[in-house]
Amino acid sequence: LCGDLQTQVAFPFSLLCLQVIKCKAAVMWEANKPFSIEEVEVAPPKAHEVRIKIVATGICRSDDHVITGGLVMPFPIILGHEAAGIVESVGQGVTSIKPGDKVIPLFVPQCGECNSCLSTKGNLCSKNDIGSAAGLMPDGTTRFTCKGQAVHHFIGTSTFTEYTVVHEAAVAKIDSAAPLEKVCLIGCGFSTGYGAAVQTAKVEPGSTCAVFGLGGVGLSVVMGCKAAGASRIIAVDINSDKFAKAKELGATECVNPKDFKKPIHEVLLEMTGHGVDYSFEVIGRTETMIAALACCQYNYGVSVIVGVPPAAQKITFDPMLLFTGRAWKGSVFGGWKSKDSVPKLVADYMKKKFVLDPLITHTLPFTKINEGFDLLRTGK
């Protein structure tokens, strides 16, 4: 597409019409099966939509929750939500982004008009597809077709494909010098964890924190607690192989619940004398959510749920845990307003205010995505 309107008029209209793109994508046809690398057709962007060439994508436990049924979504589906890429084309009415821009897709959009977007307290835009799980674009249709069959989108992003289409509210333009294979992590894992500490919990200097789960998001929580000036950061995981990385990123102590006969919240209460000021559950298990709450200081402790809760599970706990004053909070995408904050986080990375390299354990070609998920499931 030409940027100059006068030049556009000189071409026949057919040359200006955007074409369907055929490319590779990792399609999930049904639950508990491997990804299938397929040729898919990606339709042109409609009004207020953007088509992106995906350059790098991370894999996240939330993607795996869909595969195992822990997060219920319609099939077939193209998963992936943590990525960076380059704009290939834009639909009618898109003014903030142009072809060639480097961007990060946003699984939490920012429409700028709903109650959450207008509030200084919220960030979960009403246009998100996390709650409804429709697997469709905002207009109720899909841009993906495979073998003549419509394929669903995943939380408005779908990044396990060479090209994807997202709504204009679900994409952030970033620094053109940013390395996409690094800053893709700002699309989910890093921002979610780091923001849970600095944005949702608002960890204070000198405080004591406990982080349950040391995957990429949990390690990012550790980094956020350190950046906020916490004096004690206790990292908790049943995989002791993760302790060295946690300490490298700021954990002061590491605890494996398997090393104790008593419940882990009792261990943490004994270690601290009164409980931690802030705790973070970054796994998505109801038992650890209660343990994280129980290990907080009984009157002013704050516990934040960061891990995606499993579908159809309920939580039962002693209400006295809250009556004495503890606060229990949830955090989606670290509490950041996505379109506003993602470019700033990328800028902070470029200024070396935080590191991302330690969060990248493996770099694999797209066709080895199933091997990537094997590494995720085995804690590697």
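Me: How many salt bridges are counted between domain 1 and domain 2, and what would a pair need in order to be called one?

Reply: The count between domain 1 and domain 2 is 0 salt bridges, where a pair would need a side-chain nitrogen of Lys or Arg within 4 Å of a carboxyl oxygen of Asp or Glu. The model is a predicted one, and a search of the whole structure finds 16 salt bridges.

Me: What makes domain 1 and domain 2 count as being in contact, and which residues of domain 1 lose the most area?

Reply: The domain assignment gives domain 1 as 21–189 + 336–378 and domain 2 as 202–330, with centres, taken over C-alpha atoms, that lie 28 Å apart. The contact between them takes 12 residues from domain 1 and 13 residues from domain 2, contact here requiring heavy atoms within 4.5 Å. About 870 Å² is buried between the two domains, with carbon and sulfur atoms giving 64% of that area. On the side of domain 1, the residues that lose the most area to domain 2 are Gly189, Pro358 and Leu359, and together they make up 48% of what that side buries.

Me: Why is Asp101 called buried while Lys98, which meets Asp101 in a salt bridge, is called partly exposed?

Reply: Asp101 has a relative accessible area of 7%, and buried means under 20%, so Asp101 qualifies. Lys98, at 46% relative accessibility, falls between the 20% and 50% bounds and is therefore partly exposed. Their side chains meet at 3.0 Å, N to O, and because a salt bridge needs such atoms within 4 Å, the name applies to this pair.

Me: Why is Glu270 called exposed, and what is the class of its partner Lys262?

Reply: Glu270 stands at 55% relative accessibility, and since exposed means over 50%, the term holds. Lys262, with a relative accessible area of 35%, is partly exposed. The closest N and O atoms of the two residues are 2.7 Å apart, which lies within the 4 Å required of a salt bridge.

Me: What makes Arg285 and Glu287 a salt bridge, and which residues are linked in a network?

Reply: The side chains of Arg285 and Glu287 meet at 2.6 Å, N to O, again within 4 Å; Arg285 is partly exposed at 45% relative accessibility, as is Glu287 at 44%. A network of salt bridges links Lys46, Glu49, Asp139 and Arg143.

Me: Why is helix α10 described as mostly covered, and what covers its buried residues?

Reply: Of the 9 residues of α10 (residues 286–294), 7 are buried, namely Thr286, Thr288, Met289, Ala291, Ala292, Leu293 and Ala294, each of them therefore under 20% relative accessible area. What covers them includes the strands β11 (208–212), β14 (278–281), β15 (302–305) and β16 (327–330), together with the helices α9 (264–272) and α11 (320–323).

Me: Which residues have the most contacts inside the largest nonpolar core, and from which domains does this core draw?

Reply: The largest nonpolar core has 82 residues, and Val183, Ile186, Val203 and Phe280 have the most contacts inside it. This core draws at least three residues from each of domain 1 and domain 2. A second, separate core of 13 residues includes Ala210, Ile234, Leu268 and Ala291. Leaving aside neighbours within four places in sequence, the contacts of Phe280 include Ala196, Val203, Cys209, Phe212, Val221, Cys225 and Val306.

Methods: Residues are numbered from 1 along each chain as its sequence is written. This is a predicted model: local features need pLDDT of at least 70, side-chain atom pairs count only at pLDDT 80 or more; totals for chains, interfaces and linings use all residues. Side-chain values use heavy atoms; hydrogens and water are left out. A nonpolar core is a set of buried Ala, Val, Leu, Ile, Met, Phe, Trp, Tyr and Cys residues joined through side-chain atoms within 4.5 Å. Buried means under 20% relative accessible area, exposed over 50%, partly exposed in between (1.4 Å probe, protein chains only). Domain bounds come from an automatic or database domain assignment. Buried area is the accessible area (1.4 Å probe) that two parts lose on being put together, summed over both. Helices (H or I, at least four residues) and strands (E, at least two) are DSSP runs, numbered from the N terminus.
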